[in-house]
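Hi everyone, thanks for coming. Let me walk you through a structure that may be new to you, and please have a look at it while I talk.

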Amino acid sequence: MMISETMAAKLNQQVKEEFFSYWTYLAMAYRFESIGLKGFAKWYQLQADEEKGHALKIAGYLIEQGADVKLTALDNPKTDYASAQEIVQVTVEHEKKITRLIHELMALANKEDDFATASFLGWFVDEQVEEVSIAQQLLDMVKLASDKVQLMLMENRIFTLRE
Ligand SMILES: [Fe+2]
Ligand SMILES: [Fe+2]
């Protein structure tokens with residue numbers, strides 16, 4: 001194995017966090033389906049797919065470095081959202097939390113002089129800047145809507161944030 005035990009354990013934990021992000025956004029997508037906002041549901045399906053991609057990317061890196069991938073059980077995602085705005089607010093907070101975790105991993109890589117992992121994590125540092133920014137922009141948009149009709153009218157425009 002080319003990375004430390006500690007790093008392998010922390011990266012495995014991040015695989016779990018990314019799968020939990022997938023699970024969380026999928027639950028949000030289904031919540032949007034049930035409140036009749038299909039555009040938002042589609043947006044969150046795409047977001048969920050990205051998170052699954054992140055999990056697989058880190059798992060792939062562990063394998064490349066000769067470490068074991070250890071998948072573990074996920075907690076139940078939150079499902080009882082009261083409004084579109086609450087969902088997007090939680091998304092912003094979630095992405096900020098993931099950013100902190102990625103920064104902790106980067107700090108560990110730096111501490112261990114693990115240049116390969118630091119380089120690998122660089123992509124995630126950049127990705128998180130984008131993810132927090134997009135979530136914040138989505139929240140700003142959703143806050144402008146005062147009712148469901150306005151949210152529905154907004155549904156085509158939210159995809160421009162992903163371009
Ligand atoms: Fe992610
Ligand atoms: Fe994310």
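The donors of the iron ion, ligand 2, are spaced along the chain as E-x43-E-x35-E. Before I fill in the names, please keep in mind that this is a predicted model. The donor residues are E51, E95 and E131, with E95 listed for two OE atoms. Distances from these donors to the iron ion (ligand 2) run from 1.8 to 2.6 Å.

What kind of arrangement do the 4 donor atoms around the iron ion (ligand 2) make? It is irregular, because the angles they subtend go from 54 to 150°. To call four donors tetrahedral, we would want all angles between 85 and 135 degrees.

Now look at where two of those residues sit. E51 belongs to helix α2, residues 38-64, and E131 to helix α4, residues 115-144, so this pair ties together parts that are 80 residues apart in sequence. Both E51 and E131 are buried.

Let's move on to the other iron. The iron ion (ligand 1) has E18, E51 and H54 as its protein donors. The two glutamates use OE atoms and H54 uses ND1, and the donors lie 2.1 Å from the metal. Here the spacing along the chain reads E-x32-E-x2-H.

You may have noticed a name coming back. Which residue bridges the iron ion (ligand 1) and the iron ion (ligand 2)? That is E51, and the two ions it bridges are 3.4 Å apart. There is a tie between helices here too: E18 is in helix α1, residues 5-34, while E51 is in helix α2, so the pair links parts 33 residues apart in sequence.

Are E18 and E51 buried or exposed? E18 has a relative accessible area of 0%, so E18 is buried. E51 comes out at 1% relative accessibility and therefore counts as buried as well.

Let me zoom out for a moment to the whole chain. The protein chain has 5 helices and 0 strands, which gives the pattern α-α-α-α-α when read along the sequence. Its C-alpha trace spans about 55 × 25 × 20 Å along the principal axes. There are 163 residues in the chain, and 47% of them count as buried. Taking contacts with a separation of 6 or more, 78% come from residues 24 or more positions apart.

With that in mind, let's see how two of the helices meet. The axes of α2 and α4 are 12 Å apart, and the helices pack at an angle of about 170°. That makes α2 roughly antiparallel to α4. By class, their contact has 12 nonpolar, 3 polar and 5 charged residues. On the α2 side you will find, among them, W43, Y44, E51, H54 and Y61. The α4 side includes F120, W123, F124, E131 and L138. So the iron-binding E51 and E131 are also part of this helix contact.

F40 is another member of that contact, and one I'd like to stop at. F40 is in helix α2 and counts as buried, at 0% relative accessibility. Leaving out residues up to four places away in sequence, F40 touches F32, L138, V142, L151, E155 and I158. F40 and A84 are 44 residues apart in sequence, yet 8.7 Å apart from C-alpha to C-alpha.

Compare that with K10, over in helix α1. K10 counts as partly exposed, at 34% relative accessibility. Beyond its sequence neighbours up to four places away, K10 touches E104, L105 and L108. K10 and A41 are 31 residues apart along the chain, and their C-alpha atoms are separated by 31 Å.

T24 is also found in helix α1, but T24 counts as buried, at 6% relative accessibility. Its contacts, again leaving out residues up to four places away, are P77 and Y81.

One last stop, in a loop. Most residues other than glycine have a negative phi. D113 has a positive one, near 50°. You can find D113 in the loop between α3, residues 84-111, and α4. With a relative accessible area of 52%, D113 is exposed.

That's my tour. Thanks for listening!

Note on methods: Residues numbered from 1 in each chain as written. Chains lettered and ligands numbered in written order. Predicted model: local features only at pLDDT ≥ 70, side-chain atom pairs only at ≥ 80, totals over all residues. Heavy atoms only, no water. Donors = N, O, S within 2.8 Å, 3.2 Å for Na, K, Ca; no water. Tetrahedral: all angles 85-135°; square planar, octahedral: opposite > 155°, others 65-115°. Helix = DSSP H or I, 4+ residues; strand = E, 2+ residues; numbered from the N terminus. Buried < 20%, exposed > 50% of the residue type's maximum accessible area, 1.4 Å probe, protein only. Axes fitted to C-alpha atoms, helices over the stretch in contact; angles between N-to-C directions. Parallel < 35°, antiparallel > 145°, perpendicular 65-115°, else oblique. Contact = heavy atoms within 4.5 Å. Nonpolar A, V, L, I, M, F, W, Y, C, P; charged D, E, K, R; others polar.
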